[in-house]
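Trainee: I should like to learn how to read burial, salt bridges and helix packing from a structure. May we work through one example together?

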Amino acid sequence: MKKLSTAVSALLVATSTLAADAVPDTRSRALEVFKPLPSTTPAVAHNPITPDKIALGKALFFDPRISASGVFSCNSCHNLATGGDDNLETSIGHGWQKGPRNAPTALNAVFNIAQFWDGRAEDLKAQAKGPVQAGVEMANTPENVVATLKSMPAYVDWFKAAFPDEADPVTFDNFAKAIEAFEATLITPAPFDAWLNGDDEALTAEQKQGLALFMDKGCSSCHTGINVGGQGYFPFGVVEKPGADVLPQNDKGRFAVTNTADDSYVFRAAPLRNVALTAPYFHSGKVWDLKQAVAIMGTAQLGQELNDGEVTLIVAFLNSLTGKMPEVSVPVLPPETEATPRPNGKIVKK
């Protein structure tokens with residue numbers, strides 16, 4: 001019995017040693033594929049970020065008067081209390097119209113190669129302008145947005161502080177730049193970042209196994225970089241195209257941007273940070289369960305039927321991407337004046 005006990009103890013020590021030895025190897029592999037989040041607000045191109053610009057962008061992000069109806073703000077579809085999205089299949093917009101795609105999270109969006117599922121906006125400045133003018137979303141015009149903002153003296157003062165070198169700072173371009181500056185602060189450091197930075201205890205054993213599977217199975221071929229995705233465009237259905245219930249036939253993705261046949265059903269790889277908070281999944285928003293989404297990715301993208309144990313471990317790793325939410329207080333917005341354009345709920349079909 002003593003010999004057996006000694007053998008078991010030796011086996012446990014050996015197993016523990018192997019696990020410990022495996023951590024640096026797994027981490028070095030991971031660091032070739034992923035990057036931890038920075039500890040400070042990242043810079044963005046052609047838009048120096050300042051405290052005044054961030055404060056202005058925060059107010060604009062929460063202001064529903066940016067929409068024609070006075071009902072919808074950026075936060076309506078990118079709710080910072082619910083993972084940076086609206087947890088709907090597809091978003092509800094102007095006149096209670098239903099949008100065509102699932103709303104991506106605004107959290108960590110500054111790290112994406114481009115914005116929207118089809119990448120049609122090169123950065124957050126361009127993205128901020130899109131929903132404002134979309135008839136199914138905010139249904140407004142740049143001219144009306146500027147008129148609305150100029151009608152409120154506090155906003156005029158805030159724009160002057162944010163863009164001090166401009167004679168007429170209240171412009172639609174500066175509106176977008178301010179929102180970009182605020183959104184650049186919406187980063188969520190997660191246990192995965194602590195582990196990448198050397199904290200062995202930041203991930204559980206199951207999460208480390210899930211990470212290894214994530215890389216070994218090929219998930220990290222598309223879901224890579226600082227945002228664990230959001231860095232490139234790939235066909236949805238590399239090996240096996242999902243059914244129309246998951247991949248609607250009338251949405252050809254990036255094809256609408258490039259008009260190139262090879263881009264049919266091509267979409268930007270979804271960034272996976274905070275993915276446990278952002279159901280439902282895919283551009284169609286048709287899948288509500290994260291385990292099911294992982295299984296679909298296995299068959300559609302990798303040509304592999306992942307077993308339940310493998311799916312469970314990969315989901316455990318994905319849970320390590322749930323980060324610390326930025327502390328955002330709801331701003332007090334300027335009051336309307338007699339010059340403020342009145343809300344308009346009229347639906348204009350284009």
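Mentor: Let us begin with a cut-off: a residue is called buried when its relative accessible area is under 20%, exposed when over 50%, and partly exposed in between. R273, at 2% relative accessibility, therefore counts as buried. Please bear in mind that this is a predicted model.

Trainee: What share of the residues in the chain is buried?

Mentor: Of the 350 residues in the chain, 49% are buried. The C-alpha trace spans about 90 × 45 × 30 Å along its principal axes.

Trainee: How many helices and strands does the chain have, and in what pattern do they follow one another?

Mentor: There are 12 helices and two strands. Along the sequence they are arranged as α-α-α-α-α-α-α-α-α-β-α-β-α-α. As for the contacts between residues at least 6 apart in sequence, 71% of them join residues at least 24 apart.

Trainee: I should now like to turn to charged side chains. What is the general idea behind a salt bridge?

Mentor: Side chains of opposite charge can pair when their charged atoms come close. The cut-off is a side-chain nitrogen of Lys or Arg within 4 Å of a carboxyl oxygen of Asp or Glu. By this rule the chain has 17 salt bridges.

Trainee: Which residue meets R273 in a salt bridge, and where do the two residues lie?

Mentor: The partner is D193, with an N to O distance of 2.7 Å. D193 belongs to helix α8 (residues 191-196), while R273 is in the loop between β2 (266-268) and α11 (290-302); the pair, 80 residues apart, links distant parts of the chain. D193 is buried, with a relative accessible area of 4%, and R273 is buried as well, at 2%.

Trainee: How should I read the salt bridge between D308 and K291?

Mentor: The side chains of these two residues, D308 and K291, meet at 3.1 Å, N to O. D308 lies in helix α12 and K291 in helix α11, so this salt bridge ties together parts that are 17 residues apart in sequence. D308 counts as exposed, at 52% relative accessibility, whereas K291 is partly exposed, at 32%.

Trainee: Which residues are joined into one network by salt bridges that share partners?

Mentor: The network consists of R101, D118, R120 and D251. Within it, D118 forms a salt bridge with R120, and their closest N and O atoms are 3.1 Å apart. D118 is buried, with a relative accessible area of 3%; R120, with 45%, is partly exposed.

Trainee: What is the nearest side chain of opposite charge to K53, and how far away is it?

Mentor: That side chain is E166, 7.3 Å away; K53 is buried yet has no salt bridge. K53 is placed in helix α2 (residues 51-62). Leaving out residues up to four places away in sequence, K53 touches N47, P48, A162, F163, K177, A178 and A181.

Trainee: How are two packed helices described?

Mentor: They are described by the angle between their axes and the distance between the axes. Here, helix α9 (residues 205-216) and helix α12 (residues 308-319) pack at about 105°, with their axes 7 Å apart. Angles of 65 to 115 degrees count as roughly perpendicular, and α9 and α12 are therefore roughly perpendicular to each other.

Trainee: Which residues of α9 and α12 meet?

Mentor: From α9 come E206, Q207, Q209, G210, L211, L213 and F214; from α12 come E310, L313, I314, A316, F317, L318 and N319. The residues of this contact divide into eight nonpolar, four polar and two charged.

Trainee: How does separation along the chain compare with separation in space for T90 and N102?

Mentor: T90 and N102 are 12 residues apart along the chain, and their C-alpha atoms are separated by 4.3 Å. T90 is in the loop between α3 (74-77) and α4 (124-133) and is buried, with a relative accessible area of 8%. Beyond its neighbours within four places in sequence, T90 is in contact with K98, G99, P100, R101, N102 and S284. As another case, A154 and K208 are 54 residues apart along the chain, and 50 Å separates their C-alpha atoms. A154 is in helix α6 (residues 153-162) and counts as partly exposed, at 25% relative accessibility.

Notes
Residues are numbered from 1 along each chain as its sequence is written. This is a predicted model: local features need pLDDT of at least 70, side-chain atom pairs count only at pLDDT 80 or more; totals for chains, interfaces and linings use all residues. Side-chain values use heavy atoms; hydrogens and water are left out. Helices (H or I, at least four residues) and strands (E, at least two) are DSSP runs, numbered from the N terminus. Buried means under 20% relative accessible area, exposed over 50%, partly exposed in between (1.4 Å probe, protein chains only). Lys and Arg count as positive and Asp and Glu as negative; His and the chain ends are not counted. Contact means heavy atoms within 4.5 Å. Axes are lines fitted to C-alpha atoms, for helices over the stretch in contact, and angles run from 0 to 180 degrees between N-to-C directions. Angles under 35 degrees count as roughly parallel, over 145 as roughly antiparallel, 65 to 115 as roughly perpendicular and the rest as oblique. Ala, Val, Leu, Ile, Met, Phe, Trp, Tyr, Cys and Pro count as nonpolar, Asp, Glu, Lys and Arg as charged, and the others, Gly among them, as polar.
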